[in-house]
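I opened my notebook on this model today and wanted to keep a friendly record of what I looked up. Here are the entries, in the order I made them.

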Amino acid sequence: MALDKILSITGKPGLFELKTQTRTGFVAESLLDGKRITVGMRSNVSLLSEIAIYTYSEEVPLREVFQKIMDKENGEPTAVKHKDDKKKLEAYFSEVLPEYDEDQVYASDIKKVIQWYNLLQSKGMMDFSAPEEDEQKEEAK
């Protein structure tokens with residue numbers, strides 16, 4: 001599953017999979033515990049496919065950062081945990097994305113990226129390809 005169906009909802013832990021749209025919002029299923037929740041249109045929701053990390057030259061889409069982590073870890077969970085100290089997290093992230101902007105990317109952002117990657121990895125959701133690539137694959141079938 002591509003990242004365009006995976007959500008981060010402010011105030012809710014973990015990630016959610018978009019299940020269906022309703023008249024007043026949508027239904028999402030937690031990747032942590034499998035519980036379904038209804039989310040109103042007023043909730044602050046981010047699609048993982050729309051999130052990017054600041055670097056000194058450009059914004060790198062989150063899927064590319066996940067791909068770099070996956071390549072570094074050979075598809076395994078990260079060597080660091082999201083609860084490790086700030087210095088350790090920053091050192092790890094600079095190995096993954098050397099050009100990240102330390103002034104705009106905070107330790108809390110790095111924690112989220114690592115936590116999200118490990119959650120997606122544990123669920124076998126490791127398709128970090130670009131949406132255009134997915135469409136081309138569908139057309140080729």
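**Entry 1: S8.** I started with S8, which sits in strand β1. Helices (H or I, at least four residues) and strands (E, at least two) are taken here as DSSP runs, numbered from the N terminus. The model is a predicted one, where local features need pLDDT of at least 70, side-chain atom pairs count only at pLDDT 80 or more, and totals for chains, interfaces and linings use all residues. Residues are numbered from 1 along each chain as its sequence is written, and side-chain values use heavy atoms, with hydrogens and water left out.

Is S8 buried or exposed? I noted S8 as buried, because its relative accessibility is 16%; buried means under 20% relative accessible area, exposed over 50%, and partly exposed in between (1.4 Å probe, protein chains only). Setting aside neighbours within four places in sequence, I listed L15, N44, V45, S46, L48 and W116 as contacts of S8, a contact being heavy atoms within 4.5 Å.

**Entry 2: the largest pocket.** S8 came up again here: with I51, D109, K112 and W116, S8 is nearest the centre of the largest pocket, among 19 lining residues. I wrote down the terms: on a 1 Å grid over the protein atoms alone, a cavity is a set of points where a 1.4 Å probe fits but cannot get out, while a pocket is an open set with protein on both sides within 12 Å along at least five of seven lines, and lining residues have an atom within 4 Å of a point.

The volume of the largest pocket is about 430 Å³, that is, the space filled by probe spheres set on the points, with grid points joined across faces, edges and corners. Which elements each give at least two residues to the lining? I found β1 (6-9), β6 (52-54) and α3 (107-122), and α3 has the largest share, with five residues.

By type, the lining has nine nonpolar, seven polar and three charged residues. Ala, Val, Leu, Ile, Met, Phe, Trp, Tyr, Cys and Pro count as nonpolar, Asp, Glu, Lys and Arg as charged, and the others, Gly among them, as polar.

**Entry 3: helix α1.** Helix α1 covers residues 62-73, 12 in number, and spans 16 Å from first C-alpha to last, close to the 16 Å expected at 1.5 Å a residue; the expected span is 1.5 Å times one less than the number of residues. I picked out L62, V65, F66, I69, M70 and E73 as the buried residues of α1. They lie on the same side of α1, because they cover an arc of only 140° around the axis, taken from the directions from the helix axis to the C-beta atoms. Their cover includes β6, β7 (59-61), α2 (86-96) and α3.

**Entry 4: two residues of α2.** F93 is in helix α2 and is buried, at 0% relative accessibility. Beyond four places in sequence, F93 touches I53, V65, P98, Y100, V105, I110 and V113. V96 is also in α2 and is buried at 7%; with the same neighbours left out, V96 contacts V65, K68, I69 and K72.

**Entry 5: N74.** What follows α1? I found N74 there, in the loop between α1 and α2. N74 has a positive phi of about 55° although it is not a glycine. Most residues other than glycine have a negative phi. N74 counts as exposed, because its relative accessibility is 68%.
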